[in-house]
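This briefing works through a protein model by topic, beginning with its domains and then turning to strand pairing and helix packing. The sequence and structure are shown first.

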Amino acid sequence: MTQDWRDSVELTQQQSLVRRSIRDLCAEFGDEYWRERDRTATYPTEFVDALAEDGWLGMLVPEEYGGVGMSTSEAVVMMEEIAASGGGFAGPQSIHGGIYNSVPIVKYADEELKEDLLPRVADGDARIQAFGLTEPNAGSDSTAMETRAERDGDEYVVNGEKVWISRVEDSDYLVLMARTTPREEVEKRTRGISMILVDLDDAYGNGLEIERIPKSASRAVHSYQLYFDDLRVPARNLIGEEGRGFYQVLDGLNEERLVIAAECLGLGEVALERGIEYANEREVFGGPIGANQAVQHPLAEAYADLLAAKKVIYSAADRLDDLERTEAGAEANVAKYLAAEAAFEAADAAVQTHGGFGVAREYDVERYFREARLTRLVPVTQQLALNYLGENVLGLPRSY
Ligand SMILES: Cc1cc2nc3c(=O)[nH]c(=O)nc-3n(C[C@H](O)[C@H](O)[C@H](O)COP(=O)(O)OP(=O)(O)OC[C@H]3O[C@@H](n4cnc5c(N)ncnc54)[C@H](O)[C@@H]3O)c2cc1C
(Lines give C-alpha, C1' and ligand atoms only; values in the text may rest on other atoms or scores of the structure.)
Protein backbone atom coordinates (compact mmCIF):
# COMPACT_ATOMS: atom_id res chain seq x y z
CA MET A 1 0.00 0.00 0.00
CA THR A 2 1.69 3.26 -1.07
CA GLN A 3 -0.94 5.99 -0.79
CA ASP A 4 0.43 9.47 -0.23
CA TRP A 5 -1.71 10.04 2.83
CA ARG A 6 0.29 7.39 4.68
CA ASP A 7 3.59 9.17 4.02
CA SER A 8 3.05 11.67 6.81
CA VAL A 9 6.24 11.31 8.84
CA GLU A 10 9.80 11.69 7.71
CA LEU A 11 11.75 8.43 7.87
CA THR A 12 15.47 7.97 8.42
CA GLN A 13 17.45 6.10 5.77
CA GLN A 14 17.40 2.98 7.93
CA GLN A 15 13.63 3.23 8.49
CA SER A 16 13.06 3.67 4.74
CA LEU A 17 15.13 0.59 4.08
CA VAL A 18 13.08 -1.43 6.59
CA ARG A 19 9.85 -0.18 5.04
CA ARG A 20 10.94 -1.16 1.52
CA SER A 21 12.13 -4.63 2.54
CA ILE A 22 9.02 -5.37 4.61
CA ARG A 23 6.70 -4.12 1.87
CA ASP A 24 8.43 -6.41 -0.64
CA LEU A 25 8.17 -9.40 1.66
CA CYS A 26 4.52 -8.70 2.56
CA ALA A 27 3.57 -8.38 -1.12
CA GLU A 28 3.96 -12.19 -1.29
CA PHE A 29 1.16 -12.59 1.29
CA GLY A 30 -2.02 -11.03 -0.03
CA ASP A 31 -5.52 -10.55 1.34
CA GLU A 32 -6.59 -14.07 0.49
CA TYR A 33 -3.71 -15.46 2.58
CA TRP A 34 -4.70 -13.50 5.72
CA ARG A 35 -8.41 -14.09 5.16
CA GLU A 36 -7.85 -17.83 5.10
CA ARG A 37 -5.58 -17.80 8.16
CA ASP A 38 -8.38 -15.99 10.02
CA ARG A 39 -11.21 -18.16 8.68
CA THR A 40 -9.43 -21.40 9.56
CA ALA A 41 -7.69 -20.03 12.69
CA THR A 42 -4.34 -21.17 11.31
CA TYR A 43 -1.02 -19.65 12.36
CA PRO A 44 0.73 -17.88 9.44
CA THR A 45 3.72 -20.24 9.46
CA GLU A 46 4.86 -19.43 5.89
CA PHE A 47 4.86 -15.71 6.60
CA VAL A 48 6.78 -16.08 9.87
CA ASP A 49 9.28 -18.45 8.23
CA ALA A 50 9.88 -15.92 5.45
CA LEU A 51 10.61 -13.20 8.01
CA ALA A 52 12.83 -15.54 10.04
CA GLU A 53 14.76 -16.56 6.91
CA ASP A 54 15.58 -12.91 6.23
CA GLY A 55 16.74 -12.44 9.83
CA TRP A 56 13.89 -10.19 10.97
CA LEU A 57 13.18 -12.15 14.16
CA GLY A 58 16.65 -11.11 15.32
CA MET A 59 16.17 -7.44 14.46
CA LEU A 60 16.65 -6.38 18.11
CA VAL A 61 19.46 -8.86 18.82
CA PRO A 62 22.83 -7.04 18.89
CA GLU A 63 25.24 -7.70 16.01
CA GLU A 64 27.79 -9.32 18.36
CA TYR A 65 25.28 -12.17 18.83
CA GLY A 66 24.55 -12.46 15.13
CA GLY A 67 21.48 -10.19 15.08
CA VAL A 68 20.64 -7.08 13.09
CA GLY A 69 21.10 -4.68 16.04
CA MET A 70 18.19 -2.38 15.20
CA SER A 71 15.95 -0.59 17.70
CA THR A 72 12.39 0.48 18.40
CA SER A 73 12.47 3.19 15.74
CA GLU A 74 12.87 0.48 13.09
CA ALA A 75 10.51 -1.98 14.82
CA VAL A 76 7.63 0.52 14.63
CA VAL A 77 8.07 0.78 10.85
CA MET A 78 8.22 -2.97 10.44
CA MET A 79 5.08 -3.66 12.48
CA GLU A 80 3.09 -0.81 10.96
CA GLU A 81 3.89 -2.07 7.46
CA ILE A 82 2.97 -5.68 8.21
CA ALA A 83 -0.41 -4.63 9.56
CA ALA A 84 -1.02 -2.10 6.76
CA SER A 85 -0.11 -4.66 4.08
CA GLY A 86 -3.33 -6.50 4.92
CA GLY A 87 -2.00 -8.62 7.77
CA GLY A 88 -4.11 -6.53 10.16
CA PHE A 89 -3.37 -6.96 13.87
CA ALA A 90 -2.79 -10.71 13.50
CA GLY A 91 0.12 -10.10 11.10
CA PRO A 92 2.45 -8.29 13.51
CA GLN A 93 1.05 -10.25 16.46
CA SER A 94 2.28 -13.47 14.86
CA ILE A 95 5.89 -12.35 15.45
CA HIS A 96 5.55 -9.75 18.18
CA GLY A 97 6.78 -12.04 20.97
CA GLY A 98 9.52 -13.49 18.79
CA ILE A 99 11.03 -10.04 18.46
CA TYR A 100 10.34 -8.51 21.87
CA ASN A 101 11.07 -11.45 24.15
CA SER A 102 14.73 -11.32 23.20
CA VAL A 103 15.03 -7.84 24.75
CA PRO A 104 15.14 -8.88 28.46
CA ILE A 105 17.53 -11.66 27.52
CA VAL A 106 19.88 -9.18 25.84
CA LYS A 107 19.64 -6.83 28.83
CA TYR A 108 19.61 -9.21 31.78
CA ALA A 109 20.54 -12.82 31.01
CA ASP A 110 23.99 -14.06 31.93
CA GLU A 111 26.57 -14.45 29.21
CA GLU A 112 26.23 -18.23 28.92
CA LEU A 113 22.48 -18.04 28.24
CA LYS A 114 22.94 -15.18 25.79
CA GLU A 115 25.61 -17.00 23.82
CA ASP A 116 23.53 -20.15 23.70
CA LEU A 117 20.26 -18.52 22.74
CA LEU A 118 20.66 -15.23 20.91
CA PRO A 119 22.56 -16.46 17.81
CA ARG A 120 19.87 -19.14 17.38
CA VAL A 121 17.13 -16.50 17.70
CA ALA A 122 18.94 -14.37 15.12
CA ASP A 123 19.18 -17.34 12.72
CA GLY A 124 15.50 -18.14 13.20
CA ASP A 125 16.39 -21.57 14.68
CA ALA A 126 15.05 -20.82 18.18
CA ARG A 127 11.80 -18.97 18.74
CA ILE A 128 11.01 -17.21 22.01
CA GLN A 129 7.48 -16.24 21.02
CA ALA A 130 5.68 -16.74 24.35
CA PHE A 131 5.61 -14.45 27.39
CA GLY A 132 3.64 -15.61 30.42
CA LEU A 133 2.48 -12.91 32.81
CA THR A 134 -1.34 -12.93 32.98
CA GLU A 135 -3.21 -15.28 35.33
CA PRO A 136 -6.89 -15.95 35.99
CA ASN A 137 -6.69 -13.74 39.11
CA ALA A 138 -4.00 -11.38 37.88
CA GLY A 139 -4.68 -9.44 34.66
CA SER A 140 -4.44 -5.67 34.92
CA ASP A 141 -3.29 -6.22 38.52
CA SER A 142 -0.38 -8.37 37.38
CA THR A 143 1.56 -8.34 40.65
CA ALA A 144 -1.33 -10.30 42.21
CA MET A 145 0.12 -13.33 40.42
CA GLU A 146 0.07 -16.59 42.34
CA THR A 147 2.17 -18.91 40.16
CA ARG A 148 5.12 -20.03 42.28
CA ALA A 149 8.65 -21.02 41.29
CA GLU A 150 10.29 -22.54 44.37
CA ARG A 151 13.99 -23.18 44.45
CA ASP A 152 14.94 -26.84 45.02
CA GLY A 153 18.70 -27.37 44.64
CA ASP A 154 19.69 -26.37 41.13
CA GLU A 155 16.11 -26.28 39.87
CA TYR A 156 12.93 -24.25 40.22
CA VAL A 157 9.67 -26.12 40.78
CA VAL A 158 6.78 -24.30 39.13
CA ASN A 159 3.12 -24.58 40.17
CA GLY A 160 0.17 -22.45 39.10
CA GLU A 161 -1.87 -21.28 36.13
CA LYS A 162 -1.51 -18.71 33.39
CA VAL A 163 -4.14 -17.50 30.97
CA TRP A 164 -4.18 -15.76 27.58
CA ILE A 165 -0.58 -16.65 26.83
CA SER A 166 -0.06 -16.23 23.08
CA ARG A 167 1.89 -18.27 20.48
CA VAL A 168 2.84 -21.07 22.89
CA GLU A 169 2.52 -23.84 20.29
CA ASP A 170 4.53 -21.74 17.84
CA SER A 171 7.39 -21.18 20.23
CA ASP A 172 10.39 -23.12 21.50
CA TYR A 173 10.63 -21.15 24.74
CA LEU A 174 8.37 -19.36 27.19
CA VAL A 175 9.54 -16.38 29.24
CA LEU A 176 7.68 -17.14 32.46
CA MET A 177 6.93 -14.63 35.21
CA ALA A 178 6.47 -16.34 38.57
CA ARG A 179 6.67 -15.53 42.26
CA THR A 180 9.87 -16.75 43.85
CA THR A 181 8.80 -15.07 47.11
CA PRO A 182 5.12 -15.03 48.15
CA ARG A 183 3.38 -11.66 48.04
CA GLU A 184 2.83 -11.58 51.82
CA GLU A 185 6.58 -11.91 52.42
CA VAL A 186 7.72 -8.95 50.29
CA GLU A 187 7.72 -5.29 51.26
CA LYS A 188 6.40 -4.13 47.90
CA ARG A 189 4.14 -6.22 45.66
CA THR A 190 6.43 -5.56 42.68
CA ARG A 191 9.22 -7.50 44.43
CA GLY A 192 9.68 -11.27 44.66
CA ILE A 193 8.73 -11.93 41.03
CA SER A 194 11.28 -13.60 38.75
CA MET A 195 11.73 -14.13 35.02
CA ILE A 196 12.53 -17.71 34.03
CA LEU A 197 13.10 -19.22 30.61
CA VAL A 198 11.16 -22.45 30.07
CA ASP A 199 12.17 -24.86 27.31
CA LEU A 200 8.73 -25.89 26.07
CA ASP A 201 9.80 -29.19 24.50
CA ASP A 202 11.20 -30.31 27.86
CA ALA A 203 8.12 -29.05 29.71
CA TYR A 204 5.28 -30.74 27.81
CA GLY A 205 4.26 -33.90 29.65
CA ASN A 206 6.60 -33.07 32.55
CA GLY A 207 4.43 -30.65 34.48
CA LEU A 208 3.06 -28.35 31.78
CA GLU A 209 -0.27 -28.74 30.05
CA ILE A 210 -1.80 -26.24 27.68
CA GLU A 211 -5.28 -25.62 26.33
CA ARG A 212 -6.15 -23.29 23.46
CA ILE A 213 -8.73 -20.53 24.16
CA PRO A 214 -11.29 -20.21 21.34
CA LYS A 215 -11.63 -16.50 20.46
CA SER A 216 -13.17 -14.16 17.90
CA ALA A 217 -10.38 -11.72 16.97
CA SER A 218 -6.85 -12.19 15.67
CA ARG A 219 -7.84 -15.81 15.12
CA ALA A 220 -4.61 -16.75 13.33
CA VAL A 221 -2.59 -16.15 16.49
CA HIS A 222 -3.59 -18.47 19.29
CA SER A 223 -3.72 -17.89 23.02
CA TYR A 224 -3.64 -20.53 25.73
CA GLN A 225 -4.37 -21.45 29.28
CA LEU A 226 -1.27 -22.99 30.92
CA TYR A 227 -1.29 -25.39 33.88
CA PHE A 228 1.93 -25.96 35.81
CA ASP A 229 2.13 -28.95 38.11
CA ASP A 230 5.59 -29.44 39.66
CA LEU A 231 7.35 -28.43 36.44
CA ARG A 232 11.11 -28.52 37.04
CA VAL A 233 13.21 -25.87 35.30
CA PRO A 234 17.00 -25.58 35.65
CA ALA A 235 17.91 -22.65 37.92
CA ARG A 236 20.46 -21.50 35.33
CA ASN A 237 17.44 -20.46 33.20
CA LEU A 238 16.76 -17.53 35.52
CA ILE A 239 16.89 -14.32 33.47
CA GLY A 240 18.47 -11.51 35.47
CA GLU A 241 18.19 -11.25 39.22
CA GLU A 242 15.87 -13.39 41.36
CA GLY A 243 12.97 -11.32 42.69
CA ARG A 244 13.61 -8.41 40.26
CA GLY A 245 11.74 -9.79 37.26
CA PHE A 246 8.88 -7.32 37.40
CA TYR A 247 11.32 -4.38 37.21
CA GLN A 248 12.98 -6.05 34.23
CA VAL A 249 9.59 -6.18 32.49
CA LEU A 250 8.89 -2.54 33.32
CA ASP A 251 12.23 -1.61 31.80
CA GLY A 252 11.17 -2.70 28.31
CA LEU A 253 7.51 -1.81 28.62
CA ASN A 254 7.53 1.59 26.92
CA GLU A 255 9.36 0.37 23.83
CA GLU A 256 6.98 -2.53 23.49
CA ARG A 257 3.92 -0.34 24.00
CA LEU A 258 5.04 1.96 21.19
CA VAL A 259 5.45 -0.99 18.88
CA ILE A 260 1.95 -2.21 19.76
CA ALA A 261 0.72 1.30 18.95
CA ALA A 262 2.36 0.99 15.52
CA GLU A 263 0.54 -2.33 15.00
CA CYS A 264 -2.79 -0.62 15.82
CA LEU A 265 -1.87 2.22 13.48
CA GLY A 266 -1.16 -0.10 10.53
CA LEU A 267 -4.45 -1.89 11.17
CA GLY A 268 -6.32 1.43 11.13
CA GLU A 269 -4.54 2.46 7.94
CA VAL A 270 -5.49 -0.66 6.01
CA ALA A 271 -9.09 -0.38 7.21
CA LEU A 272 -9.22 3.26 6.12
CA GLU A 273 -7.68 2.40 2.75
CA ARG A 274 -10.44 -0.17 2.13
CA GLY A 275 -13.10 2.30 3.21
CA ILE A 276 -11.79 4.93 0.79
CA GLU A 277 -11.61 2.45 -2.11
CA TYR A 278 -15.17 1.31 -1.59
CA ALA A 279 -16.48 4.87 -1.11
CA ASN A 280 -15.00 5.82 -4.49
CA GLU A 281 -16.21 2.71 -6.34
CA ARG A 282 -19.68 2.04 -5.03
CA GLU A 283 -22.46 3.97 -6.76
CA VAL A 284 -25.85 4.48 -5.12
CA PHE A 285 -28.52 6.96 -6.26
CA GLY A 286 -26.45 7.54 -9.39
CA GLY A 287 -23.16 8.60 -7.79
CA PRO A 288 -20.24 7.37 -5.67
CA ILE A 289 -21.25 7.02 -2.03
CA GLY A 290 -18.06 8.87 -1.02
CA ALA A 291 -19.58 12.08 -2.37
CA ASN A 292 -21.98 12.03 0.59
CA GLN A 293 -20.44 13.79 3.53
CA ALA A 294 -22.11 11.35 5.92
CA VAL A 295 -19.83 8.75 4.31
CA GLN A 296 -16.84 11.04 3.76
CA HIS A 297 -16.56 12.62 7.21
CA PRO A 298 -16.14 9.45 9.30
CA LEU A 299 -13.31 8.47 6.94
CA ALA A 300 -11.75 11.93 7.22
CA GLU A 301 -12.09 11.85 11.00
CA ALA A 302 -10.38 8.46 11.12
CA TYR A 303 -7.58 9.87 8.96
CA ALA A 304 -7.10 12.83 11.33
CA ASP A 305 -6.94 10.54 14.36
CA LEU A 306 -4.58 8.07 12.69
CA LEU A 307 -2.31 10.93 11.72
CA ALA A 308 -2.23 12.23 15.30
CA ALA A 309 -1.38 8.75 16.60
CA LYS A 310 1.32 8.32 13.97
CA LYS A 311 3.03 11.60 14.84
CA VAL A 312 3.14 10.65 18.52
CA ILE A 313 4.43 7.13 17.80
CA TYR A 314 7.25 8.18 15.47
CA SER A 315 8.33 11.16 17.50
CA ALA A 316 8.43 9.07 20.71
CA ALA A 317 10.24 6.18 19.01
CA ASP A 318 12.96 8.54 17.77
CA ARG A 319 13.45 10.22 21.15
CA LEU A 320 12.97 7.22 23.42
CA ASP A 321 16.60 7.01 24.57
CA ASP A 322 16.60 10.67 25.61
CA LEU A 323 13.38 10.56 27.61
CA GLU A 324 13.12 9.93 31.32
CA ARG A 325 11.14 6.83 32.35
CA THR A 326 7.92 8.73 33.26
CA GLU A 327 8.10 10.89 30.14
CA ALA A 328 8.62 7.82 27.97
CA GLY A 329 5.75 6.11 29.79
CA ALA A 330 3.51 9.09 29.11
CA GLU A 331 4.31 9.10 25.39
CA ALA A 332 4.00 5.32 25.06
CA ASN A 333 0.61 5.27 26.81
CA VAL A 334 -0.68 8.25 24.80
CA ALA A 335 0.49 6.50 21.60
CA LYS A 336 -1.16 3.20 22.47
CA TYR A 337 -4.38 4.88 23.57
CA LEU A 338 -4.66 7.11 20.46
CA ALA A 339 -3.68 4.37 18.03
CA ALA A 340 -6.18 1.83 19.37
CA GLU A 341 -8.99 4.42 19.35
CA ALA A 342 -8.07 5.54 15.81
CA ALA A 343 -7.88 1.92 14.58
CA PHE A 344 -11.33 1.25 15.99
CA GLU A 345 -12.74 4.42 14.45
CA ALA A 346 -11.21 3.61 11.04
CA ALA A 347 -12.45 0.02 11.08
CA ASP A 348 -15.92 1.07 12.18
CA ALA A 349 -16.10 3.71 9.42
CA ALA A 350 -14.87 1.16 6.86
CA VAL A 351 -17.57 -1.34 7.88
CA GLN A 352 -20.30 1.32 7.71
CA THR A 353 -19.05 2.50 4.31
CA HIS A 354 -19.34 -1.05 2.95
CA GLY A 355 -23.03 -1.27 3.83
CA GLY A 356 -24.13 -4.92 3.98
CA PHE A 357 -20.77 -6.03 2.62
CA GLY A 358 -19.25 -4.62 5.81
CA VAL A 359 -19.89 -8.01 7.39
CA ALA A 360 -18.95 -10.12 4.33
CA ARG A 361 -15.69 -11.96 4.87
CA GLU A 362 -14.51 -11.28 1.32
CA TYR A 363 -14.13 -7.54 2.00
CA ASP A 364 -11.88 -8.02 5.06
CA VAL A 365 -13.16 -4.95 6.92
CA GLU A 366 -15.16 -7.15 9.31
CA ARG A 367 -11.89 -8.89 10.25
CA TYR A 368 -10.19 -5.54 10.81
CA PHE A 369 -13.15 -4.45 12.93
CA ARG A 370 -12.92 -7.51 15.20
CA GLU A 371 -9.19 -6.93 15.56
CA ALA A 372 -9.57 -3.20 16.20
CA ARG A 373 -11.91 -4.02 19.09
CA LEU A 374 -9.21 -6.28 20.52
CA THR A 375 -6.61 -3.49 20.41
CA ARG A 376 -8.63 -1.64 23.06
CA LEU A 377 -8.02 -4.58 25.42
CA VAL A 378 -4.43 -5.69 24.88
CA PRO A 379 -1.71 -5.79 25.98
CA VAL A 380 -3.02 -3.18 28.36
CA THR A 381 -6.63 -1.97 28.40
CA GLN A 382 -7.41 1.60 27.39
CA GLN A 383 -8.54 2.32 30.97
CA LEU A 384 -5.19 1.24 32.39
CA ALA A 385 -3.34 3.40 29.83
CA LEU A 386 -5.49 6.36 30.97
CA ASN A 387 -4.84 5.46 34.62
CA TYR A 388 -1.12 5.83 33.91
CA LEU A 389 -1.65 9.29 32.43
CA GLY A 390 -4.03 10.40 35.18
CA GLU A 391 -1.67 9.36 37.94
CA ASN A 392 1.78 9.97 36.48
CA VAL A 393 1.23 12.98 34.24
CA LEU A 394 -1.76 14.79 35.72
CA GLY A 395 -0.89 14.06 39.35
CA LEU A 396 -4.32 12.64 40.19
CA PRO A 397 -4.71 10.19 43.09
CA ARG A 398 -4.42 6.46 42.54
CA SER A 399 -7.66 4.65 43.33
CA TYR A 400 -6.40 1.07 43.56
C1 LIG B 1 -5.79 -12.10 22.50
C2 LIG B 1 -5.04 -11.87 23.77
C3 LIG B 1 -3.69 -12.16 23.83
C4 LIG B 1 -2.98 -12.01 25.02
N5 LIG B 1 -1.66 -12.37 25.07
C6 LIG B 1 -1.01 -12.35 26.27
C7 LIG B 1 0.31 -12.89 26.39
O8 LIG B 1 0.90 -13.36 25.40
N9 LIG B 1 0.88 -12.90 27.62
C10 LIG B 1 0.26 -12.40 28.73
O11 LIG B 1 0.85 -12.44 29.81
N12 LIG B 1 -1.00 -11.88 28.65
C13 LIG B 1 -1.64 -11.85 27.45
N14 LIG B 1 -2.93 -11.36 27.36
C15 LIG B 1 -3.60 -10.85 28.56
C16 LIG B 1 -3.84 -9.32 28.57
O17 LIG B 1 -2.64 -8.66 28.81
C18 LIG B 1 -4.93 -9.05 29.62
O19 LIG B 1 -6.14 -9.59 29.11
C20 LIG B 1 -5.07 -7.58 29.92
O21 LIG B 1 -3.95 -7.11 30.62
C22 LIG B 1 -6.32 -7.31 30.77
O23 LIG B 1 -6.39 -8.16 31.87
P24 LIG B 1 -7.74 -8.97 32.19
O25 LIG B 1 -8.18 -9.59 30.92
O26 LIG B 1 -7.52 -9.85 33.36
O27 LIG B 1 -8.78 -7.85 32.56
P28 LIG B 1 -9.10 -7.36 34.05
O29 LIG B 1 -7.86 -6.93 34.75
O30 LIG B 1 -9.98 -8.38 34.71
O31 LIG B 1 -9.99 -6.06 33.78
C32 LIG B 1 -11.35 -6.14 33.37
C33 LIG B 1 -11.85 -4.75 33.02
O34 LIG B 1 -11.80 -3.90 34.18
C35 LIG B 1 -11.03 -2.74 33.90
N36 LIG B 1 -10.29 -2.34 35.10
C37 LIG B 1 -9.67 -3.14 36.01
N38 LIG B 1 -9.08 -2.41 36.96
C39 LIG B 1 -9.30 -1.10 36.64
C40 LIG B 1 -8.93 0.13 37.24
N41 LIG B 1 -8.19 0.22 38.35
N42 LIG B 1 -9.32 1.27 36.63
C43 LIG B 1 -10.06 1.24 35.49
N44 LIG B 1 -10.44 0.09 34.88
C45 LIG B 1 -10.06 -1.06 35.46
C46 LIG B 1 -10.09 -3.15 32.78
O47 LIG B 1 -9.61 -2.03 32.04
C48 LIG B 1 -11.00 -4.06 31.96
O49 LIG B 1 -11.82 -3.30 31.12
C50 LIG B 1 -3.64 -11.48 26.17
C51 LIG B 1 -5.01 -11.17 26.10
C52 LIG B 1 -5.72 -11.38 24.93
C53 LIG B 1 -7.20 -11.06 24.89
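The model is a predicted one. Its domain assignment divides the protein into domain 1 (4-123), domain 2 (130-243) and domain 3 (246-392). The points below take up the contact between domain 2 and domain 3, the antiparallel pairing of strands S2 and S3, and the crossings of helix H9 with helix H12 and of helix H4 with helix H5.

**Domain 2 and domain 3**

- Between the C-alpha centres of domain 2 and domain 3 there is a separation of 30 Å, and the two domains meet through ten residues of domain 2 in contact with ten residues of domain 3.
- On the side of domain 2 that touches domain 3, six residues are polar and four are nonpolar, while no charged residue is found there.

**Strands S2, S3 and S7**

- Strand S2 (residues 148-152) is paired with strand S3 (residues 155-166) in the antiparallel sense, and five bridges hold this pairing; within it, Glu150 has Val157 of S3 as its bridge partner.
- The two strands S2 and S3 make a hairpin in which two residues lie between them, and Gly153, in the turn, adopts a positive phi of about 65°.
- S3 is also joined to strand S7 (residues 223-234), with which it runs antiparallel, through nine bridges; here Tyr156 is found opposite Val233 of S7.

**Helices H9 and H12**

- The axes of helix H9 (residues 245-281) and helix H12 (residues 365-375) approach within 10 Å and cross at roughly 150°, and H9 and H12 are therefore roughly antiparallel to each other.
- The crossing of H9 and H12 is left-handed, and the contact involves Cys264, Leu267, Val270, Ala271 and Arg274 on H9, together with Val365, Tyr368, Glu371, Ala372 and Thr375 on H12.
- By residue class, this contact of H9 with H12 comprises seven nonpolar residues, one polar residue and two charged residues.

**Helices H4 and H5**

- Helix H4 (residues 72-87) and helix H5 (residues 90-100) have axes that come within 8 Å and cross at roughly 150°, an angle that makes H4 roughly antiparallel to H5.
- H4 contributes Ala75, Met79, Ile82, Ala83, Ser85 and Gly87 to the contact, whereas H5 contributes Ala90, Gly91, Pro92 and Ile99.
- The residues of the contact of H4 with H5 comprise seven that are nonpolar and three that are polar, with no charged residue among them.

Key: Residues are numbered from 1 along each chain as its sequence is written. This is a predicted model: local features need pLDDT of at least 70, side-chain atom pairs count only at pLDDT 80 or more; totals for chains, interfaces and linings use all residues. Two strands pair if DSSP finds at least two bridges between them. Helices (H or I, at least four residues) and strands (E, at least two) are DSSP runs, numbered from the N terminus. Domain bounds come from an automatic or database domain assignment. Two residues are in contact if their C-beta atoms, placed from the backbone, lie within 7 Å. Ala, Val, Leu, Ile, Met, Phe, Trp, Tyr, Cys and Pro count as nonpolar, Asp, Glu, Lys and Arg as charged, and the others, Gly among them, as polar. Axes are lines fitted to C-alpha atoms, for helices over the stretch in contact, and angles run from 0 to 180 degrees between N-to-C directions. Angles under 35 degrees count as roughly parallel, over 145 as roughly antiparallel, 65 to 115 as roughly perpendicular and the rest as oblique. A crossing is left-handed if the near helix is turned anticlockwise from the far one by less than a right angle, and right-handed if clockwise.
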